[in-house]
Structures are given as structure tokens and as C-alpha cells.
Amino acid sequence: MFLSGFAILRLTVGALSIGLGIPGNMIIIAVFTRQSISNATDVAFIALAVVDLVGSVINGVKIASVFFHDEHPWACFLEIIGSRSALFAGLLLTTSIAAYRYQAVCNPFGKRVGRWAAAWLSLTCTILAFAIHVPFFFITTSQKAGSGYVCNTYGNIAWAQNVYSRSQAVLFCASALPVTVLYVLILKNIRHHQEIRRKVLSDKPVSGPKSKPEAMGGVHTVSKNLKMASFSSNPPSDDFSSVTLTIQPSVDPIISQPSGRGPPPSRQIVDQAQTGARKGRKSDHKTTQMLIIITAVFFLLWLPSIILDQLSLVQISHIASIISGTLLYFLYQVKYVSHITNLFVYIAVNRRFRDNCKKLLLGPK
């Protein structure tokens, strides 16, 4: 049987969903569940993986629609659940993750969303995203087109496209704008505290028998400032990759260190601080980098579909005559790749996630 370009694209998306999306999101859920879930961000990551898993399962089932799509709109219902509902849920959860990260980095000592509150919020967002699209089950139809069938998502209701497609675009922009602002503020905050660390660590405390009082004061000042600067950028239990620099100034380092053994105590503290600061900077950058990549990939893959959904059938037909219908359909289908990509981003950027994946798949050594 000869398959059209449209059918090949649907089969490709379904095969990727079954081969990569389903096992990949199950791995994400397993890794985050096995390691300590210490904050709201971890909960949101799990919820996002669950949504992507549901989307991957539905996209995998759509393989059957290539061969059995008829006048009954069951295949169109799968399209609605797998695309529109998953989009709304993904937008809400992605915005929540950005808000949790901003709270952890920019306001570490303020009141934070707890794990259970985040779990209920994620569940509510997901249920709401799917409930919004229940009316589609009453208006969507399947129509004959050439030798096959296509979905008329909005049926014969003239105002349906204006309501749903416009609301989809509004939510998309309403999520993209604040998420972008939040990550810009997070990066500025990280750079600000990096500058604080650099300035504090550049002050070399004086040590020696003729300057013990000054050295002692310098040690306590440096350690106190370093502790404040580190916690401001690396709050405890921030997320699964955060590293916190902790220096305890309660014990007098000069008195507790016997003279004539090892390097000066103040030098040890500075070395310890420099090592912790480097780890803190790397942790902040890696975590923020990972979140930005995940968010950017999500929005970029969904953007073509959002734009095309705002066009009328006449405009879409005109575009199809210019770039070919198969390429236009590819722009519609590329959004489903967003259900697959997160695993690869986690593995590429986060070392702890890679290590936990190895333990999960290969077992502890």
C-alpha cells in the first residue's frame, strides 16, 4: 500500500513516541521518584514528565489512525487530547517551574511553595488543561478528503476556532513572556552573587604571629560574608543539583589550629571557600541552563502550530500551495517532539541525573 507524506509523518511521530517518548518519560519519573523529592521544582518535573508520558502514549496510538481513520472522529479525539490538552498542561507546568526557580534563587529566605502544595497545584493544572477541551468531543467531526479522512476540529461552529485558537495563543504568550522575564532575573541574580563572591575571595586575610587579632577578625568577616553570599545564590534544598557552601565561623580557626602545622588557618578557609564557590557557580549555571534549554525547546517546537492555528482555511491552503502540504503538515506535527526531548536535555546537562540513570538501568556497582 502506498503511503502519503502525511501518513509517513504520523507514523514517524508515533514510532518516536513509542520508542523514545514512553520509555524516556518513565525513566524521568523513576529517577526523580527514587531520589529525594525535596522541593516544589522536583514535583513539577515529575508532573511534566507524566503529561509528556500521556502525550507519548496517545501519539503512539495514533499510528492506528493512519490505517483505520474513518468517518468516526475517534482519531480526532486523540489528536485533541494529545496536542491541545498537553499543550495547556505543559504551559502551566513550565511557568510553575520558572516561578519555583526564581523563588529559590532570588528569594531563598522567603516563604516557599512546599512539596504537597506543588503536587496539588500540578494536579489541578493538568486536570484543568484536559477539562477545558471536553467540548471538542461534542463538536469535532471527521470528514472525507480524497482517499482518506481529515479532522474538522471545530465542526460546524463558526465561533469555536476564534474562542479556542485565540485562547491558546493568549495562554502561550502569557506564559512565554513571564517565563522569559523570570529567567532573565535569575541570570542577573546569579551574576550579581558571583561578583560578590569574587570580591570577597579576592580579599586575602593576613596571618602571622604579629597580626593574630587582625587575622582572626578577617577570617570571621570573610567566612561570614562568604556564607551569606553563597546561601543567597545556592539556598539549601533548592533542587536536585544545587550545592551549598557552608562555613562555620563559630570555632576560632586560629586558636584550634596548632601553630607550625600546615598552612595558615585563614588560607585554608579561603581555599575551602573558593572550592565551594566554584561548585556553587557551576551548580547555579547548570541548573538554570537546563531549565532554559527545556523551556526554549518547548516553546520553539509549539510555536509553528500556534501560529498556523490562527489562520483561516483559505490562508492555510494558500501557504500549502507555496511550501507543499507535506511540509505544512510537518510544522503541525513537530510539536509532538517536545514530549521526547526532556530526557536528552537532563542527561546532557545534569551529571547527577546521569548518575542516577546509570544506577537505575545498570544497578549499583
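**Exercise 1. Find which residues of H1 meet which residues of H11, and describe the packing of the two helices.**

Gly5, Phe6, Leu9, Arg10 and Val13 in H1 meet Gly325, Thr326, Tyr329, Phe330 and Gln333 in H11 (contact means heavy atoms within 4.5 Å; helices are DSSP runs, H or I, of at least four residues, and strands are E runs of at least two, numbered from the N terminus). The model is predicted: local features need pLDDT of at least 70, side-chain atom pairs count only at pLDDT 80 or more, and totals for chains, interfaces and linings use all residues. Residues are numbered from 1 along each chain as its sequence is written, and side-chain values use heavy atoms, with hydrogens and water left out.

Step 1, classes: this contact divides into five nonpolar, four polar and one charged residues (Ala, Val, Leu, Ile, Met, Phe, Trp, Tyr, Cys and Pro count as nonpolar, Asp, Glu, Lys and Arg as charged, and the others, Gly among them, as polar).

Step 2, geometry: H1 and H11 (residues 325-333) pack at about 25 degrees, with axes 9 Å apart (axes are lines fitted to C-alpha atoms, for helices over the stretch in contact, and angles run from 0 to 180 degrees between N-to-C directions). H1 is therefore roughly parallel to H11 (angles under 35 degrees count as roughly parallel).

**Exercise 2. Describe the contact of H2 with H4 by its residues and their classes.**

Step 1, residues: Ala40, Val43, Ala44, Ala47, Val51 and Val54 in H2 meet Arg115, Ala118, Ala119, Ser122, Thr126 and Phe130 in H4.

Step 2, classes: nine of the residues in the contact of H2 with H4 are nonpolar, two polar and one charged.

Step 3, geometry: the axes of H2 and H4 come within 8 Å and cross at roughly 25 degrees, so H2 is roughly parallel to H4.

**Exercise 3. State which helix gives the most to the largest nonpolar core.**

Step 1: the largest nonpolar core has 47 residues, and Phe45, Met290, Tyr346 and Phe353 have the most contacts inside it (a nonpolar core is a set of buried Ala, Val, Leu, Ile, Met, Phe, Trp, Tyr and Cys residues joined through side-chain atoms within 4.5 Å; buried means under 20% relative accessible area, 1.4 Å probe, protein chains only).

Step 2: among the elements that give two or more residues to this core are H1 (5-34), H2 (40-68) and H3 (74-106).

Step 3: H3 gives the most, with ten residues.

**Exercise 4. Is Ser142 buried or exposed?**

Step 1: Ser142 lies in strand E1 (residues 141-145).

Step 2: its relative accessible area is 13%, so Ser142 is buried.

Conventions: Buried < 20%, exposed > 50% of the residue type's maximum accessible area, 1.4 Å probe, protein only. Parallel < 35°, antiparallel > 145°, perpendicular 65-115°, else oblique.
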